[in-house]
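Me: Please take one part of this structure and go through it closely. I am new to it, so explain the terms as you use them.

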Amino acid sequence: MVTDPNNPVLQIEDLSVAYVTNDGFVNAVNDINLTLYPGEIVGLVGESGSGKSTMANAIMRLLKGDAIVTKGRVKILGRDVYEMSEKQLRQFRWSKMSMVFQSAMSALNPVMTVETQILDTLTSHDKSMTKAQALERAKELMNLVRIDTKHLKSYPHELSGGMRQRVVIAIAIALNPSFVIMDEPTTALDVVVQRSILNEIRRIQEKVGFAILFVSHDFSLVAELASRVAIMYAGRVVEMTPSNTLSLMASEKHHPYTIGLLEAIPELTADEVIITGIPGNPPNLRTLPSGCAFHPRCPFAEEICTKERPVAVTVGPSDIECHLYSGKGMKQHV
Amino acid sequence: MRYFLNRVGFLLLSLWAAMTLNFVLPRMMPGNPAEAMMAKFQGQLSPQALTALEKQFGLTNGPILVQYFDYMRSMLTGHWGLSFSYYPTKVTTIMSTSLPWTLGLLGIVTLISVAFGTLVGILIAWKRGGVADGIIPIVTMFLQAIPGFWLALVMVYFLGFKLGWFPMAHSYGNSVQVGYNVNYLFSIMNHGFMPAVVVFLGGVSGWIIGMRNNMMTTLGEDYVVFAEAKGVSKSRLIFAYAARNALLPQLTSLAIALSSIIGGQILIEQVFSYQGIGYQLTSAVSNEDYPLIQAMFLVIAVTALVINFIVDMLYGRLDPRVRRGGATS
């Protein structure tokens, strides 16, 4: 795979996605800008309903039902996903970008063998591929995700949760994509299996070298895996920061929401465990608070926060949307 | 293989139960066939004649177990007795002349109806919200709401009597020669057309709407979205990924529908004087023709069991989770 490190695999420019409802548009994703470089792992964290999965589906052009892209562009390897014809999209998707679904447990068809489902992926994209070649590749993939090739003949219900997840990952990387979205790939699994799948992802990623957008609500997990982390709140990326800054010990400045998330992580090694949650509830997307959507829950909120939405400013290694750093607030933390 | 043996075992057990019930139930009724025959002649038979009839019908006062084993042996060897109303025609002869007509007409129409309805259901679910999706379910539901016998009467009156397009009764014309010739086949089709239309319209809506709704559910499943994302072609997506899973509940409905064919559609056969098993059953009941009724109930029960067995087998083929037992999510 030859990709220039300066040429991003994924460029999201001002992307907004809305759900059409009887009461008009409800914006689930607002003005997202995000760039991924080849071989990079970027995390995307946020609470439930913050727009993570909607964004992931928007990148894949898989939005269903009433969700529509209202603004912005998604470019994969320089090509705008939304300017392709249906046919081009069908070929492009999966060969350049792919996705491990949130509900990977149910992503496999219960009445088809693993083999059929992998071969379908391969032969749908390369009609010239013979059955034998495809089978060879399927075995290769099974070895890559470390499942015995005899399970090619198995049906999904005969596999454990972790094995099913590995099969889904094998299907996702079947065509050597440059970019894979992993939408909460370990959510349905227990902690031990979670760990092994995560190690597996890291190992394969190092070997094959695709870029990953790792979507999760598990803050510590993402911080460990990714090199950069985007923190989403109410459909916006409120902070983009290198993952090594994500510790209460680190001296870098953060968005108040990020600080709240960090304080909510239990420390296993600490003598006294004090977990502080973020007060309040995630906002209703229909009636977003004015100004900065986080202000009703923010311990640093002041007048400007209720009136004007902050724009992203660079603070040390991070980009943060907050009036603490915008120079407009009374409390200056810079 | 274990699944297969399991199913065969169940089939044999339920066959035995059906035959035994068929033995027990008539014996719990008051009187016996000879007395019924007697009543038919309104006491104009002498007691000697009654004894003669009892002998002829094989009625004994022997121990019930002996009777039971005699009954089982006769049933299994095809000695199903003589019909009263067509005395002395064998019950088996009546069955073998009426059953093929019912199976042929209703069986074929039901299968066509299922195949057509399922296919239409798949297509309108795929184009959900489209024009066809708006019209077809409503129109077919309207047609299904019309009682079959009423529609049959209307058709007999207008298409048969007034216009003379189709024959009004029987399964083939009197003048054609029975055998493998074009005229005979044409006559069968011509006679079968109106009942076929009635049965088709009566069932097709259920198949369309059932399949449409199953498809809707399946199309929302993650594995279908995943398959779409991974680039599977549209036809393979519809048929191999979505429809195959949506088909499973249809199969259960098919088993029920096929089982009811044998006994069902009595009214329609009556209206068209179509000499199928439903028609025979009505006349058997009104003539108190016990051997015939008993034989028909047995055939109906056995058919239902055999069809269920076949569907179980098909289910196993279509859904690996059933075949190997022990399904987890």
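Reply: What follows looks at the open sheet of chain A.

This is a predicted model, in which local features need pLDDT of at least 70, side-chain atom pairs count only at pLDDT 80 or more, and totals for chains, interfaces and linings use all residues. Residues are numbered from 1 along each chain as its sequence is written, chains are lettered from A and ligands numbered from 1 in the order in which they are written, and side-chain values use heavy atoms, with hydrogens and water left out.

The sheet has eight strands in the order β6-β7-β8-β3-β9-β10-β12-β11 (chain A), and the pairing is mixed. Strands (E, at least two residues) and helices (H or I, at least four) are DSSP runs, numbered from the N terminus. Two strands pair if DSSP finds at least two bridges between them. At the edges stand β6 (97-100) and β11 (312-315) of chain A; each has a single partner strand, so one side of each is left without a neighbour in the sheet. From one strand to the next, the twist averages 20°.

At one of these edges, β6(A) pairs with β7 (residues 179-183) of chain A in the parallel sense, over four bridges. Within this pair, V100(A) stands opposite M182(A) in β7(A).

Helix α8 (residues 256-263) of chain A packs on the sheet and touches β3 (41-46), β9 (228-233) and β10 (236-242) of chain A; contact means heavy atoms within 4.5 Å. The direction of α8 makes about 105° with that of β9(A). Axes are lines fitted to C-alpha atoms, for helices over the stretch in contact, and angles run from 0 to 180 degrees between N-to-C directions.

By contrast with this sheet, chain B comes to 14 helices and zero strands.
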